[in-house]
Amino acid sequence: MKRIKGGEEDGNGSSSESSPEACKKVRTQTSEESEEEEEEEEASETPESDWVRLPQELLLHVFQYLPLLDRAYASQVCRRWNQAFHMPELWRYFEFELNQPASSYLKATHPDLIKQIITRHSNHLQYVSFKVDSSTESAEAACNILSQLVNCSLKTLGLISTARPSFMEVPKSHFISALTVVFVNSKSLSSLKIDDTPVDDPSLKVLVANNRDTLKLLKMSSCPHVSPAGILCVADQCYGLRELALNYHLLSDELLLALSSEKHVHLEHLRIDVVSENPGQHFHTIKKTSWDAMVRHSPKFNLVMYFFLYEDEFGPFFNEEVPVTHLYFGRSVSKEVLGRVGLHCPRLVELVVCANGLRPLDEELIRIAKRCTQLSAIGLGECEVSCSAFVEFVKLCGRRLSQLSIMEEVLIPDHKYSLDEIHWEVSKHLGRVWFPDMMPTW
């Protein structure tokens, strides 16, 4: 066998070093490798990687504060974060934004995300809203999603048209079919907002049949296919209903008596939109005895009324005592009507008058201040009030006026006060600095 001197290799390629030296070399190499592994392990335990080891509870807490897009990016970090992204708790609240790029500048929920929600999280959804733009396509897309929520257990549902009421342009049968899926499968709806939609009496009966014990809030203004009998069915059987919003044509004496029955809980909010579609439209009258029954049963309820009428259409209103607490006039209202408000609205808390013409409201305002002893907020737009009468009004109301929004053009200088002087006098009676508004705040 051929040997090579001086530490050279022999014929079989083995080292000619002595055994102790070879072991020493191996130990040195092993020591260096172990030090490198220790350094790598230490590097893997740096604070940056501790985020990967966060408990699921903490990850859930962090993810709840992230916008959806950031949460989706975070889910790509590692497997555990992706698992956290799909935790059911993160999908209880969701707002579908459905906008068409051609007609809206707003962002829309990505179609792939919608598919993922329907396949993986429909049974987790509890608090859901749909925001749609003015296009019919967006409203139809919302209906398509609703019709697929067969495993849902929603507690709240809101259908919101951000521009014009696009749900009204969807075929009624398609809308009712989609909404019925939710009514039948949820069985625990507590809050339903379906303003400006083609919901009808039969669909409300399905709602009542499946959610009568849980429904607490119902908003359904501008729903032309619902009749007074349809809304009466809801009030008759949903004894837990606490908030209701509807158009005046659905309001009836029978509805108020149903809401005042012994079985029914105390109502908290009743919002009525009094809207005129055509000049000269006829409006029915609600009996004082019906309002009295409501007040006896729910003495602390808020009655909010929005009036969008022409001046000659106020005949049926404010001729007898009405328990209204918040009153808004969106169109011009006459001195006579405001005078009746002062006589017959003793529970009034807030009053907003956008316009009334060019006749001063001195007597009317002072009467309201004297008789409406709970008034704490008022806004006046295109009206006229003398500075002296306005100061008297503020003096009578005192510091309970927490909101006082008066356009500068409303105040007419007189022999007592000029526009430069009035803010000092008003501020003195309010107990805070006050100035007229340059533009309306309502």
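Here is a short walk through some of the charged side chains in this structure. Keep in mind that you are looking at a predicted model.

Let's start with a bit of background. Side chains of opposite charge can pair when their charged atoms come close. In this structure, there are nine such pairings, called salt bridges. We'll visit three of them.

Find Lys 131 and Glu 95, whose side chains form a salt bridge with an N to O distance of 3.9 Å. Where do these partners sit along the chain? Lys 131 belongs to strand β2, which covers residues 127-132, while Glu 95 belongs to strand β1, residues 93-98. With their positions 36 residues apart, this pair links distant parts of the chain. Are the two buried or exposed? Lys 131 has a relative accessible area of 30%, so it counts as partly exposed. Glu 95 is at 33%, so it is partly exposed as well.

Next, move along to Arg 242 and Glu 268. Their side chains meet in a salt bridge too, at 3.5 Å from N to O. This time the partners are found in loops: Arg 242 is in the one between α10 (228-237) and β6 (243-247), and Glu 268 is in the one between α11 (253-259) and β7 (269-275). They are 26 residues apart, and once again the pair links distant parts of the chain. Arg 242 is partly exposed because its relative accessible area is 30%, and Glu 268, at 34%, is partly exposed too.

Now for a pair within one helix. Lys 288 makes a salt bridge with Asp 292, and their closest N and O atoms are 2.9 Å apart. Which helix holds them? Both residues lie in α12, which runs over residues 288-297. They are four residues apart, and that is about one turn of the helix. The relative accessibility of Lys 288 is 29%, so this residue counts as partly exposed. Asp 292 has a value of 24%, which means that it is partly exposed as well.

Finally, let's leave the pairs and look at a group of like charges. Which residues form a negative surface patch? They are Glu 408, Glu 409, Asp 420 and Glu 421. Zoom in on Glu 421, which you'll find in helix α16, residues 419-430. Glu 421 has a relative accessibility of 42%, so it counts as partly exposed. That value fits with its place in the patch, because patch residues need over 30% relative accessible area and no salt bridge.

Technical notes: Residues are numbered from 1 along each chain as its sequence is written. This is a predicted model: local features need pLDDT of at least 70, side-chain atom pairs count only at pLDDT 80 or more; totals for chains, interfaces and linings use all residues. Side-chain values use heavy atoms; hydrogens and water are left out. Patches are made of residues with over 30% relative accessible area and no salt bridge: like charges are joined within 9 Å, nonpolar side chains (Val, Leu, Ile, Met, Phe, Trp, Tyr) within 5 Å. Accessible areas come from the Shrake-Rupley method with a 1.4 Å probe; for residues, only the protein chains shown count as cover. A salt bridge is a side-chain nitrogen of Lys or Arg within 4 Å of a carboxyl oxygen of Asp or Glu. Lys and Arg count as positive and Asp and Glu as negative; His and the chain ends are not counted. The place of a charge is taken as NZ of Lys, CZ of Arg, CG of Asp or CD of Glu. Helices (H or I, at least four residues) and strands (E, at least two) are DSSP runs, numbered from the N terminus. Buried means under 20% relative accessible area, exposed over 50%, partly exposed in between (1.4 Å probe, protein chains only).
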